[in-house]
Amino acid sequence: MSIEEIVAGYQAAMLHKSPDELAGLYAPEGRHEFPFGGLAPLAGREAVRDAYRAMWGGSPFEAEEVRLVALHRAQDPEVVVVEQVTRVRAGERAVEVPSLVILRVRDGAIVHARDYMDTSAIARVRSETVTSG
């Protein structure tokens with residue numbers, strides 16, 4: 001798979017809340033890290049599948065749109081920086097969540113992802129949903 005296909009698949013998995021689609025993009029030994037937000041790194045394709053099944057399965061948030069802002073290629077041909085904005089809805093409230101995802105893709109699969117998502121945007125919606133409900 002090309003880097004563009006990997007990025008499109010990553011975004012589709014978010015829209016579908018599909019841990020299987022997402023995990024299918026990773027090499028068996030792939031690693032997914034969350035430098036912000038205090039989440040532990042995910043080591044291996046199955047850890048990615050299991051963690052996202054738990055996260056997405058228990059979340060009231062639905063991604064309505066994932067808009068690619070820019071795709072920045074690094075000097076290293078395996079590395080790409082994906083700048084995107086995800087429109088997320090929880091009940092009547094929607095918010096746009098900006099993020100950067102740095103992907104290392106080797107032999108058509110993600111071997112390393114560093115996911116820099118604006119978790120404060122989600123926290124604000126979660127807080128508003130709890131206080132208004």
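**Exercise 1.** State which residue Val 101 stands opposite in β6, and describe how the strands around this pair are joined.

*Solution.* Step 1: Val 101 stands opposite Asp 115 in β6. The model is a predicted one, in which local features need pLDDT of at least 70, side-chain atom pairs count only at pLDDT 80 or more, and totals for chains, interfaces and linings use all residues. Residues are numbered from 1 along each chain as its sequence is written, and side-chain values use heavy atoms, with hydrogens and water left out.

Step 2: β5 and β6 (residues 109-117) are antiparallel and share eight bridges. Two strands count as paired if DSSP finds at least two bridges between them. Strands are DSSP runs of E with at least two residues, helices are runs of H or I with at least four, and both are numbered from the N terminus.

Step 3: β5 and β6 make a hairpin with two residues between them. Asp 107, in the turn, has a positive phi of about 50°.

**Exercise 2.** Describe the pairing of β4 with β5, and give the bridge partner of Val 79.

*Solution.* Step 1: β4 (residues 79-90) and β5 (residues 93-106) run antiparallel over twelve bridges. Step 2: the bridge partner of Val 79 in β5 is Arg 104. Step 3: this hairpin also has two residues between its strands, and Gly 91 takes a positive phi near 65°.

**Exercise 3.** Give the strand order of the sheet and explain which sides lack a neighbour.

*Solution.* Step 1: the order in the open sheet of six strands is β2-β1-β6-β5-β4-β3, with mixed pairing. Step 2: β2 (42-43) and β3 (62-73) are at the edges with a single partner strand each, so one side of each has no neighbour in the sheet. Step 3: the partner of β3 is β4, antiparallel over ten bridges; in β4, Gln 84 is the bridge partner of Leu 68.

Step 4: helix α1 (residues 3-16) packs on the sheet and touches β1 (26-33), β3, β4, β5 and β6. Contact means heavy atoms within 4.5 Å. The direction of α1 makes about 160° with that of β3; axes are lines fitted to C-alpha atoms, for helices over the stretch in contact, and angles run from 0 to 180 degrees between N-to-C directions. Step 5: helix α3 (residues 45-57) also packs on the sheet, touching β1, β2 and β6, at about 55° to the direction of β1.

**Exercise 4.** List the elements of the chain in order.

*Solution.* There are four helices and six strands. From the N terminus, they run α-α-β-β-α-β-β-β-β-α.
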